[in-house]
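Hi everyone, thanks for coming. Let me put the structure up on the screen, and then I'll walk you through a few places in it.

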Amino acid sequence: MTGDTAHAPRGDYSRMRPDYTVEQEWSDYTAAEHDLWRRLYARQAALVPKYACREFIDSLAALDSAAAIPRLEAVNARLRKATRWVLVGVPGLLPDLDFFEHLANRRFPVTVWLRKPEEFDYIVEPDVFHDFFGHVPLLFDPVFADYLEAYGRGGLKAHALGAIEMLARLYWYTVEFGLIDTPAGPRAYGAGILSSGGELPYCIESGEPNRIGFDLLRIMRTRYKIDTFQETYFFIREFRELFEATAPDFAPYYAKLRGAGLIAPGETLAGDRLAVAPR
Ligand code: HBI
Ligand code: FE
């Protein structure tokens, strides 16, 4: 999730290590927080079979994390074996460079605090439910796991070239709000959608938003809003499409994009591959 960092960050950054990581302090979670976790989980788990991609459904089931806020270290024992990723606890949003550094080393930052009950339906910053429920299941998919590391490495280079915004758009329209096409129609793989009670059905069923075929340069020019449902979703055919798109060096893309204007979130262009709106 790439929350709006204009307001003061929520988490406790006072005890973090130089790399922004913190202990999860799992025993500090209250019974009320585990109960809120169970309610958030139950709501999303009821939607997942109908709207999430197969890889997410299978991996979420294997994680078996409905009963309480998961212990990151317990999940790491399995995640390391599956795709050589590990989860690290963080107090909340990190500066871009620190975030990219973790991804480039196959470390996924998971916020350790849980939202308040009144934020059941919406939260701007990532909390442990968004980060764990939304992002962790797909870290078990080998191709997606490689894409995320490649994204992190690309982010370190983009930072050096002053092209962070373009990479942030790529993250937003894939890792956070991406759709994948299937014979049964589009399904969600983006964490921002999968952890949202309202947007998960909306992104698949609504006739309102555009659904455009993945196009790297088009995405890197497309602006996004952080506090409404998306006006446009981009869909891929398979995760390999993401991984292959990040294979080339992006420097020539940045040069090309510097001259190109930005595209408004709800706009469609003549060259867009539009999915047929659901009936
Ligand atoms: N920090 N903890 C955390 N989680 C994110 O998803 C995150 C971040 N910092 C920056 C960020 N995302 C985005 O700007 C990325 O596009 C870089
Ligand atoms: Fe996220």
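I'll start with the strands and the helix between them, then move on to charged side chains.

One thing to keep in mind throughout: this is a predicted model.

So, the strands. Strand β1 covers residues 86–90, and it pairs with β2 in the parallel sense over five bridges. If you want a register mark, look for Val 86, which stands opposite Arg 107 in β2. To get from β1 to β2 the chain passes through helix α4, residues 96–104, and this β-α-β crossover is right-handed. Strand β2 itself, residues 107–111, is mostly covered, with four of its five residues buried.

Now stay with α4 for a moment. Its buried residues include Phe 99, Phe 100 and His 102, and Leu 103 and Ala 104 are buried there as well. What covers them? Among the elements doing that are both strands, β1 and β2, together with helices α6 and α7.

Just after α4 comes a residue I'd like you to click on, Arg 106. Its phi is positive, about 55°. The side chain of Arg 106 meets that of Asp 146 in a salt bridge, with 3.0 Å from N to O. This pair links distant parts of the chain: Asp 146 sits in helix α6 and Arg 106 in the loop between α4 and β2, 40 residues apart. Is each partner buried or exposed? Arg 106 counts as buried because its relative accessibility is 7%, under the 20% cut-off. Asp 146, at 30%, is partly exposed. And the pair is not on its own, since Arg 106 and Asp 146 are linked with Glu 149 and Arg 153 in a network of salt bridges.

How many salt bridges are there in total? The count comes to 16. Let me show you two others. In helix α1, residues 31–51, Asp 35 and Arg 38 lie three residues apart, about one turn of the helix. They form a salt bridge whose closest N and O atoms are 3.9 Å apart; the cut-off is 4 Å, so the pair counts. Asp 35 has a relative accessibility of 37% and Arg 38 has 36%, so both are partly exposed. The other one is Glu 231 with Lys 225, where the closest N and O atoms are 2.6 Å apart. Here too the partners are partly exposed, Glu 231 at 31% and Lys 225 at 40%.

Next, a charged residue without such a partner. Glu 176 is in helix α7, residues 164–176. Glu 176 is buried, yet it has no salt bridge. Which side chain of opposite charge is nearest? That is Arg 115, and it is 10 Å away. What the side chain of Glu 176 does make is a polar contact with the side chain of His 130, at 3.4 Å.

Last stop, Lys 116, in the loop between β2 and α5. Lys 116 is partly exposed, with a relative accessible area of 42%. Leaving out residues up to four places away in sequence, Lys 116 touches Arg 10 and Leu 36. Its C-alpha atom is also separated by 8.3 Å from that of Glu 33, although the two residues are 83 apart along the chain.

That's the tour, so I'm happy to go back to any of these views.

How values were computed: Residues numbered from 1 in each chain as written. Chains lettered and ligands numbered in written order. Predicted model: local features only at pLDDT ≥ 70, side-chain atom pairs only at ≥ 80, totals over all residues. Heavy atoms only, no water. Helix = DSSP H or I, 4+ residues; strand = E, 2+ residues; numbered from the N terminus. Buried < 20%, exposed > 50% of the residue type's maximum accessible area, 1.4 Å probe, protein only. Lys, Arg positive; Asp, Glu negative; His and termini not counted. Polar contact = N/O pair within 3.5 Å; in protein donor to acceptor, adjacent residues only side chain to side chain. Pairing = 2+ DSSP bridges. Right-handed = clockwise from strand over helix to strand, strands pointing away. Contact = heavy atoms within 4.5 Å.
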